[in-house]
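Reader: Please pick one part of this model and take me through it closely. Short sentences suit me, and I would like to see how that part ties in with what lies around it.

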Amino acid sequence: MTRVLLINGSPTAISRSAALLDHSRRGLEAAGLEIHHTSILEFPAEDLVQARYASESFAPFVAAVAAASGIIVSTPVYKASFSGGLKALLDILPQDALLGKAILPLASAGTISHLLAIDYALKPVLSVLGARDIEQGVFAVDDQFEKTESGYTLKPELVDRLDRNLGYLISRVRP
Ligand SMILES: Cc1cc2nc3c(=O)[nH]c(=O)nc-3n(C[C@H](O)[C@H](O)[C@H](O)COP(=O)(O)O)c2cc1C
């Protein structure tokens, strides 16, 4: 079955980037795709900081990337770029790990000022890992989310944009 891997790059437990992935997961499930999920919080901080790419803690992640046809990467914008934790996780991947995979980048940010963070910061790193099929991506600002008791939900305008991009990803990964 076609697999899609969801990667959350936020170090925050209750996260808008995670809400983007939760919404994506529902769309992918409705399309009948198999989904795997990971977060930078699942890896030992020391392994990430020291780039211990040979650590056993990364083996399931590297295997999940290899097995995925599509990958959705979601990150908060930190200092006009993507999160350092996500960079540390991407750093341990083998060269060309993303070759042949369809990628959908997602970002949440405090303001519109860093709208180009996906294009200027995240896409070059995805590209150097071999990704050639990268969707335009979805950039969301904090006021496009509603706070709930358990986390965040997406406002309708954001739902529309994300669903459109999800549709592109689904069309790319379907056999
Ligand atoms: C350390 C830190 C740095 C941030 N830097 C930026 C920034 O440069 N530009 C911006 O628009 N928002 C910035 N923000 C706001 C976050 O990107 C924004 O609140 C995002 O939606 C948080 O995502 P999360 O809830 O998934 O962690 C920063 C937040 C933190 C905690």
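Author: Two strands count as paired here if DSSP finds at least two bridges between them. That rule is needed for the part I have picked, strand β3. One caution comes before the details: this is a predicted model.

Start with the strand itself. β3 covers residues 70-78. The strand is mostly covered, with nine of its nine residues buried.

Now its partners. β3 pairs with β5, and seven bridges hold the two strands together. They run parallel. One pair to look for is Val73 and Pro105, the latter in β5. β1, residues 3-8, is also joined to β3, by five bridges. This pairing is parallel too. Here Asn8 faces Ser74 of β3.

The pairing with β4 runs the other way. It is antiparallel and has two bridges. Tyr78 has Ser81 of β4 as its bridge partner. β3 and β4 form a hairpin with two residues between the strands. In that hairpin Lys79 adopts a positive phi, near 50°.

Next, the ligand. Its shell counts 17 residues. The closest are Ser15, Ser17, Pro76, Ser108 and Gly110. β3 provides the largest share of the shell, three residues. α1 (16-30) and β5 (102-109) also supply at least two residues each. Sorted by class, the shell holds nine polar, five nonpolar and three charged residues.

Two buried alanines help to place the surroundings. Take Ala117 to begin with. This residue sits in helix α5, residues 117-128. Ala117 counts as buried because 23 C-beta neighbours lie inside 10 Å, and the threshold is 20 or more. Beyond its neighbours within four places in sequence, Ala117 contacts Val77, Ala80, Ser81, Phe82, Ala107, Ala109 and Leu122. Ser81 is thus a shared point of reference: Ala117 contacts it, and Tyr78 bridges to it. Between Ala117 and Leu90 the C-alpha separation is 16 Å, with their positions 27 residues apart along the chain.

The other alanine is Ala18, in helix α1. Ala18 is buried as well, because it has 23 C-beta neighbours inside 10 Å. Apart from residues up to four places away in sequence, Ala18 touches Asn8, Ser10 and Gly151. Asn8 is the residue that stands opposite Ser74 in β3. The C-alpha atoms of Ala18 and Leu33 lie 19 Å apart, for a spacing of 15 residues along the chain.

One helix also packs on the strand. Helix α4, residues 84-91, has Gly85, Leu86, Leu89 and Leu90 as its buried residues. Viewed down the axis of α4, these fall within an arc of 135°, so they line one face of the helix. The buried residues of α4 pack against β3, and also against α2 (45-49), β4 and α5.

Finally, step back to the whole chain. The protein has nine strands and six helices. Its radius of gyration is 15 Å, close to the 16 Å from the globule rule for 175 residues, so the protein is as compact as a globular protein of that length. Along the principal axes, the C-alpha atoms fill a box of roughly 40 × 35 × 30 Å. Across the 175 residues, 38% count as buried. Among contacts with a separation of 6 or more, 78% are between residues 24 or more positions apart.

How values were computed. Residues numbered from 1 in each chain as written. Predicted model: local features only at pLDDT ≥ 70, side-chain atom pairs only at ≥ 80, totals over all residues. Near = placed C-beta within 6 Å. Helix = DSSP H or I, 4+ residues; strand = E, 2+ residues; numbered from the N terminus. Nonpolar A, V, L, I, M, F, W, Y, C, P; charged D, E, K, R; others polar. Buried ≥ 20, exposed ≤ 12 C-beta atoms within 10 Å, placed from the backbone. Contact = placed C-beta atoms within 7 Å. Rg over C-alpha atoms; globule rule 2.2 N^0.38 Å. Arc of directions from axis to C-beta.
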